[in-house]
Amino acid sequence: MSQVFQRYFQNIDWTRIADEVISKCISLLFLLFLFYIAKKVIHSLVKRILAPSFRYAGQDEARQKTILRLVESLLNYCLYFILIYWILSILGLPVSSLLAGAGIAGVAIGMGAQGFLSDLVNGFFILLERQLDVGDNVRLTNGSIKIAGIVSSVGIRTTQVRDFDGTLHFVPNRNITVVSNLSRGDMRVLVDIPLDANTDLDKIYQVITQVNQAEQENHPEVLIGPTIIGPQIEKNGRYSFRIAMTAQNGTQTTVYHTYYKLYHDALMEAGINLPTGKNGLN
């Protein structure tokens with residue numbers, strides 16, 4: 001038996017095998033180098049050619065970023081497909097046979113591909129209807145699952161949303177059933193000041209009105225109001241005093257905290273004690 005293995009290994013042309021391995025390694029390295037250069041060149045051309053055309057077409061910056069990310073995503077898929085095809089060819093694998101076999105295997109993996117096709121279809125309608133753009137502040141809902149944050153990227157299969165704590169969520173487009181876009185239009189701000197039941201409401205009206213008149217010119221981001229709504233009874237039975245205003249999109253949180261502090265300080269200075277409770281922001 002040992003003589004059989006010895007004759008077998010003696011008949012192997014190790015020189016030819018080494019030449020083929022070295023040749024294929026060099027070809028693979030050269031292919032990867034070309035792939036890297038092609039990726040850089042194509043992405044550079046996209047930014048230099050498509051971006052100016054979008055500006056001339058009157059597209060806003062968020063829409064430009066969304067379409068550019070989508071085009072880059074499509075080009076990446078094409079480049080990686082070509083890369084895999086040439087790697088298989090260099091390795092000597094029968095690519096045509098594999099593609100023919102893929103038609104047979106496609107029947108077996110058809111069920112698995114349904115999710116991918118659902119991602120593409122849902123992603124297409126999200127882009128067509130412009131439900132969200134890169135940079136928008138959104139809430140994505142699917143049943144009990146809710147994700148909120150800033151849209152980082154919109155692709156043909158997934159949408160990336162960066163949470164306010166820095167977490168980056170990759171959401172398959174088929175799982176996006178409700179899009180709540182907080183970056184479209186002006187936002188309503190409700191400031192609820194908790195009060196005791198025996199608080200002098202006339203004095204509250206007087207203090208709040210003075211603050212509104214004094215601060216209105218200092219906050220141009222407040223488009224409508226502040227408007228005094230008056231005393232409210234919340235669902236939990238807490239007594240509060242509500243002021244409403246409309247602020248520019250993206251400034252609602254700052255406006256809320258700024259005015260709440262102004263009201264709090266003015267009421268405390270006027271001798272009105274405020275109980276501890278939840279604050280409202282809508």
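Helices here are DSSP runs of H or I with at least four residues, numbered from the N terminus, and it is in this sense that I37 lies in helix α2. The model in the viewer is a predicted one, and the tour below begins on that helix before moving to the sheet and then to a second helix.

**Helix α2 and its surface**

Select residues 14–56, which make up helix α2, and find V21 within them. V21 is partly exposed, since its relative accessible area is 46%, a value that falls between the 20% limit for buried and the 50% limit for exposed. If you then add L91 to the selection, you will find its C-alpha atom 9.4 Å from that of V21, although the two residues are 70 apart along the chain.

Next, select F30, F33, L34, Y36, I37, V41, L45 and I49, which form a nonpolar patch on the surface with about 780 Å² of accessible area together. Among them, I37 is partly exposed, with a relative accessible area of 37%.

**Aromatic pairs, beginning with F35 and Y80**

The count of aromatic pairs in the model comes to 4. For one of them, show the side chains of F35 and Y80, whose rings form a tilted pair, with 5.1 Å from centre to centre and 50° between the planes. Because F35 belongs to helix α2 and Y80 to helix α3 (residues 61–90), this pair ties together parts that are 45 residues apart in sequence. How buried or exposed is each partner? F35 is buried, with a relative accessible area of 14%, whereas Y80 is partly exposed, at 38%.

**The five-stranded sheet**

Now turn to the strands, and colour them in the order β4-β3-β2-β1-β5, which is how the 5 strands follow one another in an open sheet with antiparallel pairing. The edges are β4 and β5 (178–181), each of which pairs on one side only. From one strand to the next, the twist averages 45°.

A convenient place to start is strand β3 (residues 158–162), which is mostly covered, as 4 of its 5 residues are buried. On one side, select strand β2 (residues 145–154), which runs antiparallel to β3 and is joined to it by 4 bridges; the two strands form a hairpin with 3 residues between them. To see one of these bridges, pick I150 and its partner in β3, R162.

Strand β4 (residues 168–172) also pairs with β3 in the antiparallel sense, here over 5 bridges, and T159 has V171 as its bridge partner in β4. The hairpin of β3 and β4 has 5 residues between the strands, and it is worth selecting G166 there, as this residue takes a positive phi near 100°.

Towards the other edge, select strand β1 (residues 137–142) together with β5, which pair in the antiparallel sense over 4 bridges. In this pairing, the bridge partner of T141 in β5 is V178.

**Helix α6**

For the last stop, select residues 252–269, helix α6, and show the side chains of Y256 and Y260, which lie 4 residues apart in this helix and are therefore separated by about one helical turn. Both tyrosines, Y256 and Y260, are buried, which here stands for a relative accessible area under 20%.

Note on methods: Residues are numbered from 1 along each chain as its sequence is written. This is a predicted model: local features need pLDDT of at least 70, side-chain atom pairs count only at pLDDT 80 or more; totals for chains, interfaces and linings use all residues. Side-chain values use heavy atoms; hydrogens and water are left out. Buried means under 20% relative accessible area, exposed over 50%, partly exposed in between (1.4 Å probe, protein chains only). Two strands pair if DSSP finds at least two bridges between them. Axes are lines fitted to C-alpha atoms, for helices over the stretch in contact, and angles run from 0 to 180 degrees between N-to-C directions. Patches are made of residues with over 30% relative accessible area and no salt bridge: like charges are joined within 9 Å, nonpolar side chains (Val, Leu, Ile, Met, Phe, Trp, Tyr) within 5 Å. Accessible areas come from the Shrake-Rupley method with a 1.4 Å probe; for residues, only the protein chains shown count as cover. A salt bridge is a side-chain nitrogen of Lys or Arg within 4 Å of a carboxyl oxygen of Asp or Glu. Rings of Phe, Tyr and Trp (its six-membered ring) pair if their centres lie within 6.5 Å; planes under 30 degrees apart count as stacked, over 60 as edge-to-face and the rest as tilted.
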